[in-house]
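Visitor: Please take one part of this model and look at it closely. I would like the aromatic residues and what surrounds them.

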Amino acid sequence: MALQLWETLKEAIVAYTGLAPSTFFTVLALLFAVYYVVSGLFGSTSDHHHRRHIEEEDLPPLRPPVQLGEITEEELRDYDGSDPNKPLLMAIKGQIYDVSQSRMFYGPGGPYALFAGKDASRALAKMSFEEKDLTGDISGLGPFELEALQDWEYKFSEKYVKVGTVKSKVPVTEAESTGEPSESTPRDVDATKPTEDGHSEAAAVKNDVTTPSNVDADKE
């Protein structure tokens, strides 16, 4: 009976699909494998979104941005997300933005957490994650890097609230650090005048002294 059913099934497969029974079952197995893989991908994606939604619900509500005015780079480091009671800040070209709404990206454990609490202008322009590039110094950048930085600045200004600026460091020259004047002052010029005048007066006196002797020599 079973053998008869098998023969009938094979005949039906050949009649309806035009495939040999072995080929038909191979194709059927491949279809099941593809379905399993695709359903696994979509299932993991939905699970990921579900977990992300739960994590967002666990986060405390965002506080309104607070204007800080002008602060130093050292003070900006206090807003790197390590303190949940403080806003999450980041600076571009000296302009500080509140990125608390993107804590999953810039907060602790996020892919861009190393940018938080810093002016990351150079790193963003070069798309670099190196510690040496985590600075607001953009000197020496090429035109393409400056253009990329401009795009980042535009995106931040459109998405986040500006809450302050980074206090720029004014370079101190060697003369200013030692307290010595870098150029000659009128006092220095005046100090040199008596010497020059004295020298000229001495020369005049010398000429006056030697002139009579020359006259006497001529007379003789």
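Guide: One aromatic cluster is formed by Tyr 97, Tyr 106, Tyr 112, Phe 115, Phe 129, Trp 152, Phe 156 and Tyr 160. Keep in mind that this is a predicted model. The structure holds eight aromatic pairs. One of them joins Tyr 106 and Tyr 112. Their ring centres are 5.9 Å apart, and the planes make an angle of 35°. That pair counts as tilted, because the class lies between stacked, under 30 degrees, and edge-to-face, over 60. The two tyrosines also differ in exposure. Tyr 106 has a relative accessible area of 7%, so it is buried. Tyr 112 has 31%, so it is partly exposed.

Now take Tyr 97, another member of the cluster. Tyr 97 belongs to strand β3 and stands opposite Met 90. Strand β3 covers residues 95–98 and is joined to β2 by four bridges. The two strands run antiparallel. Another bridge partnership links Ala 91 with Ile 96 of β3. Both faces of β3 are covered. Gln 95 and Tyr 97 are buried on one side. Ile 96 and Asp 98 are buried on the other.

On to the turn that links these strands. The hairpin of β2 and β3 has two residues between its strands. Lys 93 lies in that loop. Its phi is positive, near 55°, and Lys 93 is not a glycine. With a relative accessibility of 37%, Lys 93 is partly exposed, because that value is neither under 20% nor over 50%.

Strand β3 has a second partner. Four bridges join β3 to β4, residues 161–166, and this pairing is antiparallel too. Here Asp 98 stands opposite Val 161.

Step back to the whole sheet. It is open, has four strands and follows the order β1-β4-β3-β2. The pairing is mixed. Its edge strands are β1, residues 69–71, and β2, residues 89–92, and each pairs on one side only. On average, neighbouring strands are turned by 40° against each other, direction ignored.

A helix also packs on this sheet. Helix α6, residues 143–159, touches β2 and β3. Its direction makes about 140° with that of β2. Trp 152 and Phe 156 are among the members of the aromatic cluster. Trp 152 has a charged neighbour as well. The charged end of Lys 155 sits over the Trp 152 ring, 5.5 Å from its centre. Elsewhere, Lys 86 lies over the face of Tyr 79, also with 5.5 Å to the ring centre.

The loop before α6 deserves a look. It follows α5, residues 121–126, and contains Ile 138. Ile 138 has a relative accessible area of 28%, so it is partly exposed. Leaving aside neighbours within four places in sequence, Ile 138 is in contact with Ser 121, Arg 122, Leu 146 and Leu 149. Arg 122 is 16 residues away along the chain, yet its C-alpha atom is separated from that of Ile 138 by 5.4 Å.

Met 127 is found in the same loop, between α5 and α6. Like Lys 93, Met 127 has a positive phi without being a glycine. The value for Met 127 is about 50°. Its relative accessibility is 55%, so Met 127 counts as exposed.

Finally, the setting of this part. The chain has eight helices and four strands. From the N terminus on, the elements run α-α-β-α-β-β-α-α-α-β-α-α. The chain has 220 residues, and buried residues make up 20% of them. Among contacts with a separation of 6 or more, 55% join residues 24 or more positions apart. The accessible surface comes to about 16,300 Å², and 58% of it belongs to carbon and sulfur atoms.

Terms used
Residues are numbered from 1 along each chain as its sequence is written. This is a predicted model: local features need pLDDT of at least 70, side-chain atom pairs count only at pLDDT 80 or more; totals for chains, interfaces and linings use all residues. Side-chain values use heavy atoms; hydrogens and water are left out. Two strands pair if DSSP finds at least two bridges between them. Axes are lines fitted to C-alpha atoms, for helices over the stretch in contact, and angles run from 0 to 180 degrees between N-to-C directions. Contact means heavy atoms within 4.5 Å. Rings of Phe, Tyr and Trp (its six-membered ring) pair if their centres lie within 6.5 Å; planes under 30 degrees apart count as stacked, over 60 as edge-to-face and the rest as tilted. Buried means under 20% relative accessible area, exposed over 50%, partly exposed in between (1.4 Å probe, protein chains only). A charge sits over a ring if NZ of Lys or CZ of Arg is within 6 Å of the ring centre and within 35 degrees of the ring normal. Accessible areas come from the Shrake-Rupley method with a 1.4 Å probe; for residues, only the protein chains shown count as cover.
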